[in-house]
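Subject: Structure handover and notes

Dear colleague,

Here is the structure I promised to pass on to you, with my notes on it below. Please open it alongside this message, as the notes are easier to follow with the chain in view.

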Amino acid sequence: NFAGQSAAGVLNAGNIRAADGGFVVFLGDHVANSGAITANLGTVVLASGSQTTLDLHGDGLVNYAIDAAAISDRAGVENLGNITADGGHVVLDADVMRDLKVAVINNAGLVQARTMQKGRDGSIYLSGRGGNVTKSGTRNVSAAGKNATGGRIAVPTTSDIPTSPPP
């Protein structure tokens, strides 16, 4: 469990590459990526909250929960770079105190989780509570492997979902 009143965040401006089937998890009040994150056949999670739970039991699954909303004026998740998890999953999730920010998820970059082979569907999950999910960037769950079908994109939210940045 991670908890606190800190407004500290996590920023990636470089290149992070997990082994195939591995994972990359960033948890904090404010989480931002302007670099490149790759976890093919694995999972990438960028999550914003003031209290989170992370479960890594060695079974290859990444389970997390945001237990309390983030409260700073910088809170939220922002992707301006590239996130790739072909044959895996990408999650951008934020729980921010209501009306603290206009956009709690801002994806202006590339999020890609293509299906690489039958049975290894990619998925993208963008979830924002307490503000909007802004999706001006690219989301790609196309089929890249032979005999594969495209993956899934889910965008559950409690607010609007603008497709371009707010003015």
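To begin with a single residue: is D86 buried or exposed? With a relative accessibility of 6%, D86 counts as buried, because the cut-off for that class is under 20% relative accessible area. Please bear in mind throughout that this is a predicted model, and that every value here is computed from it.

The salt bridges

D86 is a good place to start, since its side chain meets that of R114 in a salt bridge, with 2.8 Å from N to O. D86 is in the loop between β11 (82-84) and β12, while R114 is in the loop between β14 (110-112) and β15, so the bridge ties together parts of the chain that are 28 residues apart in sequence. Unlike D86, which is buried, R114 counts as partly exposed, at 24% relative accessibility. In general terms, side chains of opposite charge can pair when their charged atoms come close.

The count of salt bridges comes to 4. One of them joins R129 and D93, whose closest N and O atoms are 2.9 Å apart. This pair also links distant parts of the chain, with R129 in strand β15 and D93 in strand β12, 36 residues apart. D93 is buried, at 6% relative accessibility, whereas R129 is partly exposed, with a relative accessible area of 24%.

Another of the salt bridges brings together the side chains of R152 and D121, at 3.7 Å from N to O. Here R152 belongs to strand β18 (residues 152-154) and D121 to the loop between β14 and β15, and the two are 31 residues apart. D121 counts as partly exposed, with a relative accessibility of 26%. Through salt bridges that share partners, D93, D95 and R129 are joined into one network.

D95, a member of that network, lies in strand β12 (residues 89-95) and is buried, with a relative accessible area of 18%. If neighbours within four places in sequence are left aside, the residues in contact with D95 are S48, G49, I66, A69, A70 and R129.

The chain as a whole

Stepping back, the chain has 0 helices and 18 strands, and 48% of its 167 residues count as buried. Among the contacts between residues at least 6 apart in sequence, 64% join residues at least 24 apart. The chain exposes about 7900 Å², of which carbon and sulfur atoms supply 50%.

The open sheet

Five of these strands are worth tracing by eye: an open sheet of 5 strands follows the order β3-β6-β11-β14-β17, with parallel pairing. β3 (15-17) and β17 (138-140) stand at the edges, and each has a single partner strand, so one side of each is left without a neighbour in the sheet. On average, neighbouring strands of this sheet are turned by 5° against each other, with direction ignored. At the β3 edge, 3 bridges join β3 to β6, and the two strands run parallel; I16 stands opposite I37 in β6.

The nonpolar cores

The largest nonpolar core has 25 residues, and within it L46 and L92 touch the most other members. At least two residues of this core come from each of β4 (23-28), β7, β12, β13 (103-107) and β15 (123-129), and β12 gives the most, with 3 residues. Another core lies apart from it and has 6 residues, including V45, V62, I66 and V91. As for L46 itself, its contacts beyond four places in sequence are F26, V31, N33, I37, V77, I83, V91, L92 and D93. I37 and D93 in that list have appeared above, I37 opposite I16 and D93 in the salt bridge with R129.

A backbone detail

Finally, please look at L41, which has a positive phi of about 65° although it is not a glycine. Most residues other than glycine have a negative phi. L41 is found in the loop between β6 (36-38) and β7 (43-48), and at 33% relative accessibility it counts as partly exposed.

With best wishes

Key
Residues numbered from 1 in each chain as written. Predicted model: local features only at pLDDT ≥ 70, side-chain atom pairs only at ≥ 80, totals over all residues. Heavy atoms only, no water. Helix = DSSP H or I, 4+ residues; strand = E, 2+ residues; numbered from the N terminus. Buried < 20%, exposed > 50% of the residue type's maximum accessible area, 1.4 Å probe, protein only. Contact = heavy atoms within 4.5 Å. Areas by Shrake-Rupley, 256 points an atom, 1.4 Å probe, with all protein chains shown as cover. Core = buried A, V, L, I, M, F, W, Y, C linked by side-chain atoms within 4.5 Å. Pairing = 2+ DSSP bridges. Axes fitted to C-alpha atoms, helices over the stretch in contact; angles between N-to-C directions.
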